[in-house]
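Okay, thanks for making room for me on the agenda. Let me put the structure up, and then we'll walk through it together.

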Amino acid sequence: MILVILNARRAASGKRVLQNVYADFAILLAHAEARLAFAPWRQAGRRVGRNPRIVAFTLVSAYDDGDQTVARYQASARAGRQNGRLS
């Protein structure tokens, strides 16, 4: 998720971002979302006494459309800000 945030900030501020970052942005974002969903399930299994390794990591599919990817990024950023306020 850090790579997504850093490159999105660079692009938003008008700084130069390598072209391959744009090509991989949707994939990086999907992977970050999958990790954020995976971590609580693994921790929950650990807390109820199960082996956390039995929780499977499932990769979220990336969008092909740029508008959908931007909307997904904005939703993730909003969720992150709300999560920060809750803690």
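So, a question to start with: which residue lies over the face of phenylalanine 57? It's arginine 35, sitting at 4.4 Å from the ring centre. Keep that ring in mind, we'll be back there in a moment.

Before that, a word on what you're looking at. This is a predicted model, so let's talk confidence. The mean pLDDT of the protein chain comes out at 76, with 78% of its residues at 70 or more. Broken down by element, helix 2 has the highest confidence, with a mean of 79, while helix 1, residues 2–12, has the lowest, at 67. The usual caution applies: where pLDDT is low, don't read the predicted coordinates in detail.

Now the overall layout. We've got three helices and zero strands, so if you read along the sequence you get α-α-α. The protein chain has 87 residues, and 21% of them count as buried. About 6800 Å² is exposed, and carbon and sulfur atoms supply 55% of that. On the contact side, if you take the contacts with a separation of 6 or more, 58% of them are between residues 24 or more positions apart.

Okay, back to the aromatics. How many aromatic pairs does the structure hold? Just one. The partners are phenylalanine 38 and phenylalanine 57, and the arrangement is edge-to-face, with 5.5 Å centre to centre and 90 degrees between the planes. Phenylalanine 38 belongs to helix 2, whereas phenylalanine 57 is in the loop between helix 2 and helix 3, so the pair ties together parts that are 19 residues apart in sequence.

Are those two rings buried or exposed? Phenylalanine 38 has a relative accessible area of 12%, which is under the 20% cut-off, so that one counts as buried. Phenylalanine 57 is at 31%, so we call that one partly exposed. And remember, phenylalanine 57 is also the ring with arginine 35 over its face.

Speaking of arginines, have a look at arginine 72, in helix 3. Would you guess buried or exposed for that one? Buried, at 11% relative accessibility. And what is arginine 72 in contact with, leaving aside its neighbours within four places in sequence? The list is Leu29, Ala30, Glu33, Val60, Ser61, Ala62 and Tyr63.

Then there's arginine 46, over in helix 2. Arginine 46 is partly exposed, at 42%. Its side chain makes a polar contact with the side chain of glutamine 43, at 2.9 Å.

Last stop, a couple of alanines. Alanine 39 is in helix 2 and is partly exposed, with 43% relative accessibility. From the C-alpha of alanine 39 to that of proline 52 you have 9.9 Å, and those two are 13 residues apart along the chain. Alanine 44 is another residue of helix 2, which runs over residues 19–47. Alanine 44 comes in at 35%, so partly exposed again. For alanine 44 and valine 55, eleven residues apart along the chain, the C-alpha separation is 9.9 Å.

So if you take one picture away, take the spot around phenylalanine 57: phenylalanine 38 paired with it edge-to-face, and arginine 35 over its face. That's what I've got, happy to rotate the view for anyone who wants another look.

Technical notes: Residues numbered from 1 in each chain as written. Predicted model: local features only at pLDDT ≥ 70, side-chain atom pairs only at ≥ 80, totals over all residues. Heavy atoms only, no water. Helix = DSSP H or I, 4+ residues; strand = E, 2+ residues; numbered from the N terminus. Buried < 20%, exposed > 50% of the residue type's maximum accessible area, 1.4 Å probe, protein only. Contact = heavy atoms within 4.5 Å. Areas by Shrake-Rupley, 256 points an atom, 1.4 Å probe, with all protein chains shown as cover. Phe/Tyr/Trp six-rings, centres within 6.5 Å; stacked < 30°, edge-to-face > 60°. Lys NZ or Arg CZ within 6 Å of the ring centre and 35° of its normal. Polar contact = N/O pair within 3.5 Å; in protein donor to acceptor, adjacent residues only side chain to side chain. pLDDT = per-residue confidence, 0-100.
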